[in-house]
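Thanks for coming, everyone. Let me put the structure up, and then we'll walk through it.

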Amino acid sequence: MSTPSETKPKEPIASRWNDQLAAGMSEPELLLYRSNLLGSDLRITNFGGGNTSAKIMMEDPLSGGQVEVLWVKGSGGDLGSIKLDGFSTLYMDKLNALKGRYRGLELEDEMVAYLPHCTFNLNPRAASIDTPLHAYIARKHVDHMHPDSVIAIAACKNSEAITQRVFEGELGWLPWQRPGYDLGLKLEKLSQEQPNLKGIILEGHGLFTWGDDAKSCYETTLQMIKRAEDWLNANIKQPVFGGQKYQPLPAEERAAVAARLMPLLRGKISKTEYKLGHFDDSDAVLEFVGSADLGPLALLGTSCPDHFLRTKIRPMVLDFDPTAPDRDKFVDKLVAGLDDGLEAYRADYTAYYERSKRDNSPKIRDANPIIYLIPGVGMLSFAKDKATARIAGEFYVNAINVMRGANGVDTYVGLPEQEAFDIEYWLLEEAKLQRMPKPKSLGGRIALVTGGAGGIGQAVARQMLQEGACVMLTDIDAEALEQAKADLVKVGGKDSVAIVQANITSEQEVAAIFGSTALRFGGVDILVSNAGIASAAPLDETTLDIWKRNQDILVTGYFLASRAAFQMLKQQGLGGSMVFVGSKNGLVASAGASAYCTAKAAELHLARCVALEGAEFGIRVNVVNPDAVIRGSRIWDGKWKEERAASNKIGTDDVEEFYRKRSMLKRSVLPEDIAEAVYFLASDKAGKSTGNVLNVDAGNAAAFTR
């Protein structure tokens with residue numbers, strides 16, 4: 001099993017501004033160009049984090065005159081991928097007029113409701129809470145970034161003095177304050193009182209920089225980040241984090257431990273909402289989880305609001321000794337202690353909520369951890385979808401980098417607990433959560449599709465992705481599998497699609513398939529057994545090799561996959577679904593295909609047996625029986641088509657028409673038809689169905705189930 005960890009770029013931060021490319025751009029396009037450059041480097045700002053803005057003179061659609069308009073990243077956008085429609089646009093004169101409506105810090109949240117009244121040109125993009133922070137800084141172009149190096153300085157106990165030492169008066173400093181209208185006014189005051197400043201560090205939070213044009217603003221941002229990086233590297237004390245207590249396990253062993261733990265954890269934290277997992281064993285993570293100071297530093301929590309909103313205020317550290325002589329027994333001990341560890345974390349989180357809640361605080365949210373740290377192994381993160389789980393892990397890596405830098409030159413200071421709570425349970429943040437779209441029908445589910453590179457396999461995967469599931473495809477054909485992945489990423493995105501090349505007739509390779517699925521997504525909820533072949537020959541010409549090949553793939557392969565799925569589903573304790581893609585031939589014998597028909601009949605009976613054993617665990621098993629799915633089929637592209645044409649005494653070009661006319665409904669059966677049936681049986685729509693057979697064959701009286 002390979003680990004899915006991603007590392008940040010190692011080359012020094014340097015300007016990538018292209019004067020030739022920028023020469024023909026409008027002011028809004030220059031803002032977009034600058035934003036994409038900044039957001040494409042995770043050392044500069046996190047996914048979804050940071051803001052950029054520009055104050056631009058534009059023609060007022062009402063008066064026809066020139067007015068100053070604030071273009072600022074809208075609520076919920078990401079700088080790396082933002083387009084022009086991701087920016088809010090607001091009249092600056094109306095934003096300035098809002099100062100007369102401000103009634104003080106205790107009531108500043110009400111100012112958010114005024115922002116839509118400042119909208120320029122009926123722009124539907126909602127303005128973010130950071131809008132006043134950009135509007136009132138007395139400069140045309142403003143960047144607000146969350147670089148690890150600057151937050152490390154911002155999170156030092158002596159942050160103000162270090163800021164002065166590093167930036168020599170070029171950056172100002174403001175004490176911690178929750179983002180909002182009042183902080184915008186403080187930024188305005190400081191930028192006016194000290195006109196020579198190039199920016200401001202916000203304690204525990206991040207960096208503001210500015211300029212008179214887009215390029216100078218961008219390059220000032222990079223200069224300040226590089227200066228912080230260089231100073232930290234030159235002054236950091238060694239060893240960091242109190243030195244290493246544990247060395248990392250070898251990569252394959254790290255992956256094996258994570259793959260074993262993830263389905264167990266996922267099952268324990270997904271009782272009310274399905275969670276998806278991510279594993280990270282990058283160098284930064286391994287250094288931190290193996291350090292002597294892991295325990296006390298993890299308890300301090302994160303500093304930057306962007307970090308803990310994604311990760312909770314602190315992680316859960318799992319009790320694991322990678323140096324134990326009998327590691328398997330120690331993993332068993334860790335597994336046995338998961339319930340107690342999770343219960344202790346939930347109790348601690350509930351106590352934090354009770355200590356900190358206000359009269360109008362939202363109800364307590366999910367008390368389970370998001371981040372799990374394992375000495376010698378790495379970090380697990382779980383969230384309601386794969387992208388959010390991955391991004392949560394990335395944010396905690398940012399927090400690790402901040403702690404590394406701050407503790408290396410001074411003393412790291414986490415955000416005070418009450419301040420952390422007031423942001424986590426901020427009513428404006430709650431309102432944003434309430435506006436989130438409801439999950440799709442398979443949101444949070446993990447589907448494994450065997451034979452995933454074929455026509456039916458890809459159609460099933462596409463349907464699952466469209467309904468919100470993550471999909472692991474497996475197939476023996478590596479080249480076709482890669483092409484299927486490339487096509488399906490366009491449907492579900494890179495986070496939701498993964499592949500593993502394997503032979504389902506091999507017990508070891510099937511185990512590797514499920515290990516890879518656990519490591520990539522956290523477990524499995526749906527198995528679609530679809531891998532198949534087809535062969536035809538008169539009985540007296542059916543060789544033992546033909547017989548064994550059909551049995552190996554269509555019976556043994558289905559047995560191995562269903563057994564592995566059954567084991568993982570039982571571990572998770574969340575129920576689950578298996579759907580076998582069978583065949584009309586499992587119910588109706590065909591002359592000249594004894595090996596194939598017998599194997600398909602065995603497949604059908606296997607499904608019924610698994611359904612009997614799975615019922616008490618909430619594991620449902622059903623069968624979809626296709627017939628003559630020719631379009632997009634790799635089976636029908638091969639010898640099978642010639643064999644069936646010969647058996648029916650027709651030409652190969654006439655096969656599809658022959659089967660269409662043979663059906664009762666006189667219709668062709670397509671891969672998408674099978675996918676719809678598989679989705680139905682796998683989903684909660686069929687939550688009370690198990691041991692059933694659904695024919696999708698355009699009608700074949702001989703195949704009616706009895």
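**A sheet and its helices**

Start with helix 7, residues 181–193. Helix 7 lies across strand 5, strand 6 (199–202) and strand 7 (206–211). Its direction is at about 145° to strand 5. Keep in mind that this is a predicted model.

Next, helix 8, residues 214–235. Helix 8 lies across strand 4 (141–145), strand 5 and strand 7. Against strand 7, the angle of helix 8 is about 145°.

Now the sheet itself. It is open, with seven strands and mixed pairing. Read across, the order is 3-2-1-4-7-6-5. Which strands sit at the edges? Strand 3 (87–91) and strand 5 (171–174), each paired on one side only. From one strand to the next, the twist averages 20°.

Look at one pair in detail. Strand 1 (residues 51–59) and strand 2 (residues 66–73) run antiparallel, joined by seven bridges. For a landmark, find M58: its bridge partner in strand 2 is V67.

Now move along to a helix pair. Helix 21 covers residues 544–572, and helix 22 covers residues 594–614. Their axes are 8 Å apart, at an angle of about 15°. That angle is under 35 degrees, so helix 21 and helix 22 are roughly parallel to each other. The crossing is right-handed.

What makes the contact? From helix 21, the residues include W547, L554, Y558 and F566. From helix 22, they include Y596, K600, L606 and E613. By class, the contact has 13 nonpolar, six polar and three charged residues.

That's the tour. Over to you.

Definitions and conventions
Residues are numbered from 1 along each chain as its sequence is written. This is a predicted model: local features need pLDDT of at least 70, side-chain atom pairs count only at pLDDT 80 or more; totals for chains, interfaces and linings use all residues. Side-chain values use heavy atoms; hydrogens and water are left out. Two strands pair if DSSP finds at least two bridges between them. Helices (H or I, at least four residues) and strands (E, at least two) are DSSP runs, numbered from the N terminus. Axes are lines fitted to C-alpha atoms, for helices over the stretch in contact, and angles run from 0 to 180 degrees between N-to-C directions. Contact means heavy atoms within 4.5 Å. Angles under 35 degrees count as roughly parallel, over 145 as roughly antiparallel, 65 to 115 as roughly perpendicular and the rest as oblique. A crossing is left-handed if the near helix is turned anticlockwise from the far one by less than a right angle, and right-handed if clockwise. Ala, Val, Leu, Ile, Met, Phe, Trp, Tyr, Cys and Pro count as nonpolar, Asp, Glu, Lys and Arg as charged, and the others, Gly among them, as polar.
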